[in-house]
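Below are some notes for a colleague going through this model. Please read them with the structure open.

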Amino acid sequence: MGVERVFHLKTRQKMNEVKEIILTQSVEVIHIPSGQPATLPQDERVILTQSLGNSFTVQWSGNLYRVGGENAEALGMPKIDVVADIMAEEDTVEGQVEAVLNTVYDPEIPVSIKALGLIYRCEIDQAHVDIDMTLTAPGCGMGPVMVEEMKQRLLRLSQIQTVAVQLVF
């Protein structure tokens, strides 16, 4: 896999501006760093600390939470299908897989898991992707969340049928 690509059609770019938002509806979130699910109530004020790829990090009541792209509208943001954008821009399955890995972000660090060097090995064998990756800290509660996000995005690629991810340290 080569240099990190930047997809520009509709994919959200890194947002450096911290922004206050009032939730338009209650929203399912993941607490950072524990990885535990939670719900933030409608009409609450949150601070949007980062908007990357198709996920968001918000601060509420002194805690950080990850908001998935499927809940973008609760933040007043449009839903974006990053996988569809990738398939429209990349011709090869290798390029698509690499691009997907560049859209999965550590919710505490505004950098993709690929750019952070957390992907040690990525092999594509026909319709199967096999990945070895690590976490920024052993026992990170967000590890399973990032792994699941990566798997779900890779499985949406038309040529991929199975994905195996091993956490290694």
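1. Contact here means heavy atoms within 4.5 Å. With residues up to four places away in sequence left out, isoleucine 131 touches Leu101, Ile119, Arg121, Cys122, Met150, Leu154, Ala164, Val165 and Gln166.

2. This is a predicted model, in which local features need pLDDT of at least 70 and side-chain atom pairs count only at pLDDT 80 or more, while totals for chains, interfaces and linings use all residues. Residues are numbered from 1 along each chain as its sequence is written, and side-chain values use heavy atoms, with hydrogens and water left out.

3. The largest nonpolar core (buried Ala, Val, Leu, Ile, Met, Phe, Trp, Tyr and Cys residues joined through side-chain atoms within 4.5 Å; buried means under 20% relative accessible area with a 1.4 Å probe, protein chains only) has 31 residues, of which Val97, Ile131, Met133, Met150 and Leu154 touch the most other members. Apart from this core lies another, of 15 residues, among them Ile21, Val46, Phe56 and Ala74.

4. In H1 (helices are DSSP runs of H or I with at least four residues, numbered from the N terminus), the buried residues are Val82, Val83, Asp85 and Ile86. Seen down the axis of H1, these fall within an arc of 160° (taken from the directions from the helix axis to the C-beta atoms), so they line one face of the helix. The buried residues of H1 pack against H2 and H3.

5. For H3, the buried residues are Gly143, Val145, Met146, Val147, Glu149, Met150, Arg153 and Leu154.

Key:
Buried means under 20% relative accessible area, exposed over 50%, partly exposed in between (1.4 Å probe, protein chains only). Helices (H or I, at least four residues) and strands (E, at least two) are DSSP runs, numbered from the N terminus.
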